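Reader: Could you walk me through one part of this model in some detail? I'd like a close look at the ligand and whatever surrounds it.

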Amino acid sequence: MSVPQTAPSDPQVDQQRSKSVRKWVLLIALVTFFAGLLFGYDQGVIAGALKGIGNSFDVGVGAKQIITSWVTLGALLAALVAGMSADHFGRRPVLLTAGLLFIAGAIIQSISSGVEILVVGRLITGFGIGFASVIAPLYAAEMAPRRIRGRIVSTYQLAITFGIFLAYLVSDLMNSTQWRTMFLLAAIPGVLLIIGVMLVPESSRWFVKMGRKDKARASLAKVTEPADVDKELADVEAQVAAESAEGEATWAEVFSPRVRKALIVGVGLAIFQQITGINAIIYYANTIFESAGLVSTKSQTMATLYCVGLTNVLATFVAVAYIDRFGRRPLLFMGLVGMFFSLCAVALGFATQSPADTGAGTSIVGIITMVGLVVFIASFAFSLGPVVWTIISEIYPGRVRGKAVSFATAANWGAAFLVAEFFLTLTNGIGESATFFLFAAMCILGFIFVWRYVPETRGRSLEEIQQMWDKGGSIAEWDETAPRP
Ligand code: BGC
């Protein structure tokens, strides 16, 4: 094995190196943050912009739904090709493309002269988000030191929630007639992402895959303590060598028995993240606050801004702080329990509320509903929100990682699209109460799914996680007693 490049004898030099490692890790976290910011801002801005768009273009519900949902469609399509592109061209070029597409989409939306152009802008924005949502967590997982990998990847979720909050804030501060400005402001996270990506190194894992060992070492050295560089590089090389002995991964391999268990874990988590109702709640918050007795539109938007938007951001910090300390599974369990009970509370609130109560002032039932909503958002934000993206980015064998992450992310967008499409149909058909009970039932299924299938990945290198799958991938076989850093 090769000898360490530098003797770690001079404490001053070591201190300098550690400082430089921290600087690079921070930059990588920032790139991840900007990618999430762009995702979240778009998620939140449409709620505020829709009314103004409706007035400017005189469009009906159908067109409004297309304007809203085609971002999801664009994201789904881009997510499917993002992994392949990142394997071929590298992670940075794809992230740069995501930033450019997002800026183009924002500009087109802001100057659109009609619905058709606006929808084209939405679709292009969706492509940008789709690329970013696959590659940013993947890049972060590949570059982050394993000790804090969960924390760095969950920065992505923190940024999504921050983006949603900023968008709610912008909508609150602006008049809906200023929807063009709201869209144009979305270009800012795109610009920040591009600047960030230009500063960070390409993924060391990707360089190794391309046979560019020197570049891989240089990239790894930026984010690894000097004494560990050789060991980390050897680990990555061994893994990549084992993977590339079998040639380029095909889609068939992503669905092969070897990868299937990991694929089911990622796709299952991606779907549970959506079918437990997060986005229905995010979009429906105003109406729920109305039922809870907040009469004026202003008080509803303020409640949405702080109870949903701010709670979402603050509770995500809990995950960022504890994901590498408590582990992924405990956070998922606690979150799903909290989501279950709070959804039941919201459902009961609706069940016991008569139509005459709506807007009649705050009642006990209304308060329970409101508290239920806040607890739901908080529970999601410290669990399913960040943990799902983290696990998806770390559980796949390197050879198929790009494609498999793409597939799981596309499944997430597909489920988000379906929930958005069918939520109103469901509430009209079976009523709000039954719909929320249905989401609660999904939390129980989600709990069983996590308990049965999702392994704890805290403190494991991506290579160790790979070995776990190779040994059979059952949670029972996963050596929980092995030392963790
Ligand atoms: C989900 C989004 C959701 C957001 C809410 C993300 O993890 O993927 O669909 O809107 O969390 O904070």
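Author: Sure, and keep in mind that this is a predicted model. Let's start with helix H5, since three residues of the shell around the ligand come from H5, the largest share. H5 spans 149-173, and it has company: helix H12 (257-275), helix H13 (278-291) and helix H17 (384-394) also supply at least two shell residues each. Altogether, 13 residues surround the ligand. The closest are Gln43, Gln157, Gln273, Gln274 and Asn279.

What about the chemistry of that shell? Sorted by class, nine of its residues are polar and four are nonpolar, while charged residues are absent.

Now for the polar contacts. The side chain of Gln43 places an N or O atom 2.7 Å from an oxygen atom of the ligand. Gln273 does something along those lines, with a polar side-chain atom 2.9 Å from a ligand oxygen. Then there's Asn312, where an N or O atom of the side chain sits 3.0 Å from an oxygen atom of the ligand. As for cover, the ligand on its own has 310 Å² of accessible area, and the protein covers 99% of that. The space that the ligand takes up is also the largest cavity.

One of the helices is worth following a bit further. H12, which supplies at least two residues of the shell, also packs against helix H18 (residues 398-453): their axes come within 4 Å and cross at roughly 35 degrees. Where H12 meets H18, the contact has 24 nonpolar and six polar residues, with no charged ones. So charged residues are missing from the H12–H18 contact, and the shell around the ligand has none either.

Note on methods: Residues numbered from 1 in each chain as written. Predicted model: local features only at pLDDT ≥ 70, side-chain atom pairs only at ≥ 80, totals over all residues. Heavy atoms only, no water. Near = heavy atom within 4 Å. Polar contact = N/O pair within 3.5 Å; in protein donor to acceptor, adjacent residues only side chain to side chain. Areas by Shrake-Rupley, 256 points an atom, 1.4 Å probe, with all protein chains shown as cover. 1 Å grid on protein atoms, 1.4 Å probe; cavity = no way out; pocket = protein on both sides within 12 Å on 5 of 7 lines; lining within 4 Å. Sits in = over half its atoms within 2 Å of the grid points. Nonpolar A, V, L, I, M, F, W, Y, C, P; charged D, E, K, R; others polar. Axes fitted to C-alpha atoms, helices over the stretch in contact; angles between N-to-C directions.
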